[in-house]
Amino acid sequence: MTQTLPTGVVTIMFTDLVGSTALTERLSANAAQALLRAHDRTLRQQFERFDGIVVKGTGDGFLVAFASPRQGVTCAVEVQRALAAQHAEGRYPELTVRIGLHTGEPEAVGAELLGSDVNLAARSEAEAAGGPGGTGMMATNVLL
């Protein structure tokens, strides 16, 4: 099923599982797969709650589009809370995620989003630091 991407002003989110390559080398294959499944499940639950549309998976992260800045920012905060709750319960302590957000007017071409706004969201994610609470977030040009 193909989802319709939001058009006009869109909030773009990039996520990244911090240190995924090192984790897969350090953990057993089963533990690494369990961690990746927990990552995907936790993030996708939040994306769905806030009507985020997964444009694509990146293997250890996602590119997601939101029709409003409030949805994107609230989703990012709830991802942080969900990961912090898992950590507090002693589950998936290795699971740390970076999130970058940017609001702009990307070009929608088929099922893809293109342009400098997408690049800025990716750069924001790269600058975020996953912290002990489970997630670091960086936002540029996101006005509520």
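In which element is the place of E78? E78 sits in helix 3, and I shall return to that residue after an introduction to the chain.

The structure before you is a predicted model, in which local features need pLDDT of at least 70 and side-chain atom pairs count only at pLDDT 80 or more, while totals for chains, interfaces and linings use all residues. Residues are numbered from 1 along each chain as its sequence is written, and side-chain values use heavy atoms, with hydrogens and water left out.

I begin with confidence. The pLDDT is the predictor's confidence in each residue, from 0 to 100. Its mean over the chain is 86, and 88% of the residues reach 70 or more. Among the elements, strand 3 has the highest mean pLDDT, at 96, and strand 7, residues 135-140, has the lowest, at 57.

Next, the overall layout. The chain contains four helices and seven strands; these are DSSP runs numbered from the N terminus, with helices being H or I of at least four residues and strands being E of at least two. Their order from the N terminus is β-α-α-β-β-α-β-β-β-α-β. Of the 144 residues, 46% are buried. Here, buried means under 20% relative accessible area, exposed means over 50%, and partly exposed lies in between, with a 1.4 Å probe and protein chains only. A contact means heavy atoms within 4.5 Å. Among contacts between residues at least 6 apart in sequence, 72% join residues at least 24 apart.

Let us turn to helix 2, residues 29-49. The helix has 21 residues and should span 30 Å at 1.5 Å a residue, the expected span being 1.5 Å times one less than the number of residues. Its end C-alpha atoms are indeed 30 Å apart, which agrees. The buried residues of helix 2 are A32, L35, A38, H39, T42, L43, Q46 and F47. Seen down the helix axis, they fall within an arc of 160°, so they line one face of helix 2; the arc is that of the directions from the axis to the C-beta atoms. On the other side, A29, N30, E48 and R49 are exposed. The cover over the buried residues includes strand 1, helix 1, strand 2, strand 3, helix 3 and strand 4. Just after helix 2, D51 takes a positive phi of about 60°.

One residue of that buried face, F47, belongs to the one aromatic pair in the structure. Its ring and that of F62 have centres 5.3 Å apart and planes at 80°, so the pair is edge-to-face. Rings of Phe, Tyr and Trp (its six-membered ring) pair if their centres lie within 6.5 Å; planes under 30 degrees apart count as stacked, over 60 as edge-to-face and the rest as tilted. The pair links distant parts of the chain, with F47 in helix 2 and F62 in strand 3, 15 residues apart. Both F47 and F62 are buried.

Now back to E78. At 16% relative accessibility, E78 counts as buried. Leaving aside neighbours within four places in sequence, E78 is in contact with Q46, R49 and F50.

Finally, I draw your attention to Y92, in the loop between helix 3 (69-88) and strand 4 (97-104). Y92 counts as partly exposed because its relative accessibility is 24%. Leaving aside neighbours within four places, Y92 is in contact with A34, L35, A38, R41, Q86 and H87. Y92 and A34 are 58 residues apart in sequence, yet 9.1 Å apart in space, C-alpha to C-alpha.
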